[in-house]
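Visitor: Please take a close look at a single part of this model, one place where two helices meet, and at the loop that joins them.

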Amino acid sequence: MKRALPVLVLTVAGLIPVWRYEPSRTTTTTEVTQPASTPSSSGSGTSASRVVAGSTVNTEKGPVQVEVTFEGGEITAVRMLQQPNHPQTTAAVPTLIEETLQAQSADIDSVSGATITSAGYKESLQAAIDAQAAAAASASPSDSASAAEPEVVAGPTVNTEKGPVQVEATFEGDEITAVRMLQQPNHPQTTAAVPTLIEETLEAQSADIDSVSGATITSEGYKQSLQAAIDAKGA
């Protein structure tokens, strides 16, 4: 009986640490969950920006032309290339652009007091949207996966003595792959000179080209608009 007492004492003493350090069965866990990510308007690098100039719409107030920047299927910017020099137009343009960015289409309301300009704006905008949709539809998955999407940049309109001159350049990487006239004087000399100017541009890969004899004024306007497009590439 005397031997049993020490054993009992030791057993009880061994249980005391177990009771003391046994963890509580009731725990509270705080979990922080990141909000679901959404694609930003600048893109993740998988879709390149594409700049498309709409058609020039000649209205009663003057020519209207817009330039639209797309990232994927989203309109991220709109810029006026041509607009009537009227206070109503100047006041209306910011509203038209804001509505476009919200609607992501040309289905927007005309601005009161500038209905003619608004109609021209929407027509030029729709032409740019249609051109972007056609380009997206023609691009094959293999093309988009293997090469960077071409970047189309419209140069500014250069008003010459013969008439306005404006070019649009297409770039693939740093290479100029195509040049298109958006505006040019309606003269036989200009019509004959344009193919030569474009051919020289594709060969030189710059605006450092010779003027075409008999169309020097148009040539200078062409080179000025082209150089501005080259400078704006990737901006």
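Guide: What follows describes one helix pair and the loop between its members, with a second loop for reference.

This is a predicted model, in which local features need pLDDT of at least 70 and side-chain atom pairs count only at pLDDT 80 or more, while totals for chains, interfaces and linings use all residues. Residues are numbered from 1 along each chain as its sequence is written, and side-chain values use heavy atoms, with hydrogens and water left out.

Helices here are DSSP runs of H or I with at least four residues, numbered from the N terminus. Helix 5 (residues 188-204) and helix 6 (residues 216-232) have axes that come within 10 Å and cross at roughly 40°. Because of that angle, helix 5 is oblique to helix 6 (oblique covers what is left after under 35 degrees, roughly parallel, over 145, roughly antiparallel, and 65 to 115, roughly perpendicular). Axes are lines fitted to C-alpha atoms, for helices over the stretch in contact, with angles from 0 to 180 degrees between N-to-C directions.

Helix 5 supplies Thr190, Leu197, Ile198 and Thr201 to the contact, and helix 6 supplies Thr218, Ser219, Tyr222 and Leu226; contact means heavy atoms within 4.5 Å.

The loop between helix 5 and helix 6 holds glutamine 205. Glutamine 205 is not a glycine, yet has a positive phi of about 55°. Its relative accessibility is 30%, so glutamine 205 counts as partly exposed (buried is under 20% relative accessible area, exposed over 50%, partly exposed in between, with a 1.4 Å probe and protein chains only).

Glutamine 104, in the loop between helix 2 (87-103) and helix 3 (115-138), also has a positive phi of about 55°.

Definitions and conventions. Helices (H or I, at least four residues) and strands (E, at least two) are DSSP runs, numbered from the N terminus.
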